[in-house]
Amino acid sequence: MLTPDRQRVTIGRSPQADLSLGWDAEVSRLHAAVEYLGAHWTIVDDGLSRNGTFVNGERLVGRHRLMAGDAIRVGTSLVSFHDFGGAAEDVTRAATGSIPTMRSLTETQRSVLIALCRPYKNGAGFATPASNQQIAEELFLSVDAIKTHLRALFAKFGVESLPQNQKRVRLAFLAMQSGIISDRDL
């Protein structure tokens, strides 16, 4: 049971871990930690584990704010997070709608996003998103197919109502800010 009185709960194979998973050989001795920050629970794996920590099927990099129903996998063990005291009005809603998860994107949509964001590689400050033609050439698809995928992505990221000249920039920003597209992808 997690309580705000106990600010940190360790997860690992060691008997000294707060949540000891000694039977799971794929769990590191000190694998990850669940921490209470402000009024929210987070999970952090700062490179402590050899095999990584996964939240809802996606590898955790750094810290992740836990939401009710999140599935956490360490080794072959699955732990779920439940928040029985959190109020729905405590949730901050994104102004542009909800950000989709990696699982909600098709492989082609993700490829289109990566190609769209590629000019931003290595933190290029004055870059602009790739054009439809550039994306089409990179992915060996037609420009019409790229337009169709981008329309679907605009809807998924909640930017379809923005002016035409802002949609692509905002989509690229949200994709990178949310972690769906990382520098490693580019």
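## Close-up views of a predicted model

**Overview. The protein chain contains four helices and nine strands.** The model is predicted. Along the sequence the elements follow the pattern β-β-β-β-β-β-β-β-β-α-α-α-α. The protein chain has 186 residues, of which buried residues make up 36%. Of the contacts between residues at least 6 apart in sequence, 42% join residues at least 24 apart.

**View 1. Strands β3 and β4 form a hairpin with two residues between them.** Strand β3 covers residues 32–37, and five bridges join β3 to β4 in an antiparallel arrangement. Next to the turn, Leu37 stands opposite His40 in β4. Gly38, in the turn itself, has a positive phi of about 65°. Strand β4 spans residues 40–45 and is mostly covered, with five of its six residues buried.

**View 2. Strand β4 also pairs with strand β7, in the antiparallel sense.** Strand β7 consists of residues 62–65, and four bridges connect β4 with β7. One position to inspect is Val44, whose bridge partner in β7 is Arg63. In a regular strand, side chains alternate between the two faces of the sheet.

**View 3. An open sheet is built from four strands in the order β6-β5-β8-β9.** The pairing in this sheet is antiparallel. The edges are held by β6 (58–59) and β9 (77–80). Each of these edge strands has a single partner strand, so one side of each is left without a neighbour in the sheet.

**View 4. Strands β8 and β9 form a hairpin with two residues between them.** Strand β8 comprises residues 71–74 and pairs with β9 over four bridges, in the antiparallel sense. Val74 faces its counterpart Ser77 in β9 across the pairing, the two residues standing opposite each other. Arg73 in turn stands opposite Leu78 in β9. Gly75 lies in the turn and has a positive phi of about 60°.

**View 5. Helix α1 is mostly covered, with eight of its 11 residues buried.** The buried residues are Gln109, Arg110, Val112, Leu113, Ile114, Ala115, Leu116 and Cys117. Their cover includes helices α2, α3 and α4 (164–177). Views 6 and 7 show the contacts of α1 with two of these helices, α2 and α3.

**View 6. Helices α1 and α2 pack at an angle of about 125°.** The helices comprise residues 107–117 and residues 132–139 respectively, and their axes are 9 Å apart. At this angle α1 is oblique to α2. The crossing of α1 past α2 is right-handed. On the α1 side the contact is made by Ser111, Val112, Ala115 and Leu116, and on the α2 side by Ile135, Glu138 and Leu139. By class, the residues of this contact are five nonpolar, one polar and one charged.

**View 7. Helices α1 and α3 pack at an angle of about 90°.** Helix α3 runs over residues 143–156, and the axes of α1 and α3 are 10 Å apart. The two helices are therefore roughly perpendicular to each other. From α1, the residues Thr108, Gln109, Val112 and Leu113 meet Ile146, His149, Leu150, Ala152, Leu153 and Lys156 of α3. This contact has six nonpolar, three polar and one charged residues. Val112 is listed in the contact with α2 and again in the contact with α3. Val112 is also among the buried residues of α1.

**View 8. Ser131 lies in the loop between α1 and α2.** With a relative accessibility of 29%, Ser131 counts as partly exposed, whereas Ala115 of α1 is buried. Ser131 and Ala115 are 16 residues apart along the chain, and their C-alpha atoms are separated by 9.2 Å. Ala115 also takes part in the contact of α1 with α2.

How values were computed: Residues numbered from 1 in each chain as written. Predicted model: local features only at pLDDT ≥ 70, side-chain atom pairs only at ≥ 80, totals over all residues. Heavy atoms only, no water. Axes fitted to C-alpha atoms, helices over the stretch in contact; angles between N-to-C directions. Parallel < 35°, antiparallel > 145°, perpendicular 65-115°, else oblique. Left-handed = near helix turned anticlockwise from the far one by under 90°. Contact = heavy atoms within 4.5 Å. Nonpolar A, V, L, I, M, F, W, Y, C, P; charged D, E, K, R; others polar. Pairing = 2+ DSSP bridges. Buried < 20%, exposed > 50% of the residue type's maximum accessible area, 1.4 Å probe, protein only.
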